[in-house]
Amino acid sequence: MSVTIYHNPRCSTSRNVLAAIRDAGVEPTIVPYLTTPPDEATLRALISDAGLTPRTAVRKRETLYKEIDLANADDETVLRAMLTHPVLIERPFVVGEKGTVLARPAATVSTVL
């Protein structure tokens, strides 16, 4: 089984999702998205394939979200901000053979395994 996790090792939810994937007997491809951010096409695909919009895939708790006033921005502006500042990408996205999910809460990862 092929699984990719867009992972932030400092995030407890991301660590829990990675552990759940491994507990399912799968060693995933790990993309440390803060240092290896997705390109525009990949980010658009992750968001779309997960059934989300940029607005629902952005980390609203990040200080930067407030600093650049994304609460009042349109989806394209939010997406551009996520591409420029990967810390704004909500985590973790997981791509499996059954689809793509933003694994929040962590238990939702089971839907793609």
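Colleague: Where is Leu113 found in this model?

Modeller: In this predicted model, Leu113 is found in the segment after strand S4 (99-102).

Colleague: Is Leu113 buried or exposed, and how does one decide?

Modeller: The decision rests on relative accessibility, with buried meaning under 20%. Leu113 has 16% relative accessibility, so this residue counts as buried.

Colleague: Which residues are in contact with Leu113, apart from its neighbours within four places in sequence?

Modeller: Leu113 is in contact with Met1, Val3, Ala20, Ile21, Ala24 and Lys98. A separation in sequence can also be set beside a distance in space: Leu113 and Gly25 are 88 residues apart in sequence, and their C-alpha atoms are 9.9 Å apart.

Colleague: Let us turn to the strands. How should I read the side-chain directions in S1?

Modeller: In a regular strand, side chains alternate between the two faces of the sheet. In S1, Thr4 and Tyr6 point one way, while Ile5 and His7 point the other way. All of these residues are buried.

Colleague: How many bridges join S1 to S2, and do these strands run parallel or antiparallel?

Modeller: Strand S1 (residues 4-7) and strand S2 (residues 29-32) run parallel and are joined by 4 bridges. Within this pairing, Tyr6 has Val31 as its bridge partner in S2, and His7 stands opposite Pro32.

Colleague: How many bridges join S1 to S3, and which way do those strands run?

Modeller: S1 and S3 are joined by 3 bridges and run antiparallel. Here Tyr6 stands opposite Phe93 in S3. Tyr6 thus appears in both pairings, with Val31 in S2 and Phe93 in S3.

Colleague: What unit do S1, helix H1 and S2 make?

Modeller: S1, helix H1 (residues 12-23) and S2 make a β-α-β unit, and this unit is right-handed.

Colleague: Next, the helices. Which residues of helix H4 are buried, and where on the helix do they lie?

Modeller: An α-helix has 3.6 residues a turn, so residues three or four places apart point the same way. In helix H4 (residues 75-84), the buried residues are Val78, Leu79, Ala81 and Met82. Viewed down the axis of H4, these buried residues fall within an arc of 160°, so they line one face of the helix. The buried residues of H4 pack against H2.

Colleague: What is found at the start of H4?

Modeller: There, Asp74 places a side-chain oxygen within 3.2 Å of the backbone nitrogen of Glu76.

Colleague: Now the charged residues. How many salt bridges are found in the whole structure?

Modeller: The search finds 8 salt bridges. Some residues are linked in a network of such bridges, namely Glu40, Arg44, Glu76 and Arg80.

Colleague: Is Glu27, which forms a salt bridge with Arg22, buried or exposed?

Modeller: Glu27 has 54% relative accessibility and counts as exposed. Its partner Arg22, at 38%, counts as partly exposed. The closest N and O atoms of this salt bridge are 2.9 Å apart.

Colleague: Where is Arg59 found, and is this residue buried or exposed?

Modeller: Arg59 is found in the loop between helix H2 (40-49) and helix H3 (63-67). Its relative accessibility is 7%, so Arg59 counts as buried.

Colleague: Which residues does Arg59 touch, not counting those up to four places away in sequence?

Modeller: Arg59 touches Tyr65, Val87, Leu88, Ile89, Glu90, Arg91 and Arg104.

Colleague: Which salt bridges does Arg59 form, and what does the pair with Glu90 tie together?

Modeller: The side chains of Arg59 and Glu62 meet in a salt bridge at 3.2 Å, N to O. Both Arg59 and Glu62 are buried. The side chains of Glu90 and Arg59 also meet in a salt bridge, at 2.7 Å, N to O. Glu90 lies in the loop between H4 and strand S3 (93-96) and Arg59 in the loop between H2 and H3, so the pair ties together parts that are 31 residues apart in sequence. Glu90 is buried too, with a relative accessible area of 10%.

Definitions and conventions:
Residues numbered from 1 in each chain as written. Predicted model: local features only at pLDDT ≥ 70, side-chain atom pairs only at ≥ 80, totals over all residues. Heavy atoms only, no water. Helix = DSSP H or I, 4+ residues; strand = E, 2+ residues; numbered from the N terminus. Buried < 20%, exposed > 50% of the residue type's maximum accessible area, 1.4 Å probe, protein only. Contact = heavy atoms within 4.5 Å. Arc of directions from axis to C-beta. Polar contact = N/O pair within 3.5 Å; in protein donor to acceptor, adjacent residues only side chain to side chain. Salt bridge = Lys/Arg side-chain N within 4 Å of Asp/Glu carboxyl O. Pairing = 2+ DSSP bridges. Right-handed = clockwise from strand over helix to strand, strands pointing away.
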